[in-house]
Amino acid sequence: MRSDAQANRDRVLAAAEEVFGESGKAGSTEEVARRAGVGIGTVFRHFPTKQLLVEATIVRHLSLLTDTARTRGEGGEAGAAFRMTFREMVSGAPAKLALVALLEESTDPAGATNEVESAASVLRDAVEVLLSRGQQAGEVRADATVDEVYVLIRALANARGDRAVVDRAVDIVLDGLSPRRCE
């Protein structure tokens, strides 16, 4: 893909995450095009259907989280890397949940995308590595599992209300995941 076409595609996906994250089903491809600064033809050239656009947007969202988690995992602060990724997953979850709901509404159950499932699995593996590294460094409680971490992320992601209250709840959960709590 030419670099200008790739740049347009990236802008479309970023705009789609905003539009569908804010408006859900009411979000339009026209609004995606407007926010991306491209014509509607460019959107449909890259994504012939709204479902394909939503799927690609979810894959992009999950892939960016994975890349960030892996980059953080390469640093020396294992516990901090885990906590930052946990926070980022909770804060980005409302847009992701809106996209997933939109995808579920428009997808034939038999035609669920393998790309979305694969991207979610790769992210989960990256989170599990961060968790394990944090545990080995003694910065995350040793008895926590990735399944439990995902339950906590989902619960916080579905929390409604004041953003400051949710942020404080994240602080409390992360404090509970610290090793001093299980001693």
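## How α4 and α6 pack

In this predicted model, helix α4 covers residues 50–73 and helix α6 covers residues 114–136. Two packed helices are described by the angle between their axes and the distance between the axes. For α4 and α6, the angle is about 20° and the axes sit 9 Å apart. Angles under 35 degrees count as roughly parallel, so α4 and α6 are roughly parallel to each other. As for handedness, the α4 and α6 crossing is left-handed.

## Two residues on α4

Let's look at Thr 57, which belongs to helix α4. Its relative accessible area comes out at 0%, so Thr 57 is buried. What does the side chain of Thr 57 reach at 2.7 Å? The partner is the backbone oxygen of Leu 53.

Arg 60 also has its place in helix α4. With a relative accessible area of 22%, Arg 60 counts as partly exposed; the cut-off for buried is under 20%. Arg 60 can be paired with Glu 17: 43 residues separate them in sequence, while their C-alpha atoms are 9.1 Å apart in space.

## Helix α8 and its two sides

Now for α8, which runs over residues 163–176. This helix has 14 residues, and from its first C-alpha to its last it reaches 20 Å, close to the 20 Å expected at 1.5 Å a residue.

Which residues of α8 are buried? They are Val 166, Val 170, Val 173 and Leu 174. These four cover an arc of only 95° around the axis, which means they lie on the same side of α8. The general background is simple: an α-helix has 3.6 residues a turn, so residues three or four places apart point the same way. Over on the other side of α8, Val 165 and Arg 168 are exposed.

There's a polar contact at the start of α8, too. A side-chain oxygen of Asp 162 comes to within 3.0 Å of the backbone nitrogen of Ala 164.

## The chain as a whole

Zooming out, what does the chain contain in terms of helices and strands? There are 8 helices and 0 strands, so to put the pattern in sequence order under the DSSP assignment, the chain reads α-α-α-α-α-α-α-α. Its C-alpha trace spans about 60 × 35 × 35 Å along the principal axes. The chain has 183 residues, and 39% of them count as buried; Thr 57 is one of the buried residues.

Conventions:
Residues numbered from 1 in each chain as written. Predicted model: local features only at pLDDT ≥ 70, side-chain atom pairs only at ≥ 80, totals over all residues. Heavy atoms only, no water. Expected span 1.5 Å × (residues − 1). Buried < 20%, exposed > 50% of the residue type's maximum accessible area, 1.4 Å probe, protein only. Arc of directions from axis to C-beta. Polar contact = N/O pair within 3.5 Å; in protein donor to acceptor, adjacent residues only side chain to side chain. Axes fitted to C-alpha atoms, helices over the stretch in contact; angles between N-to-C directions. Parallel < 35°, antiparallel > 145°, perpendicular 65-115°, else oblique. Left-handed = near helix turned anticlockwise from the far one by under 90°.
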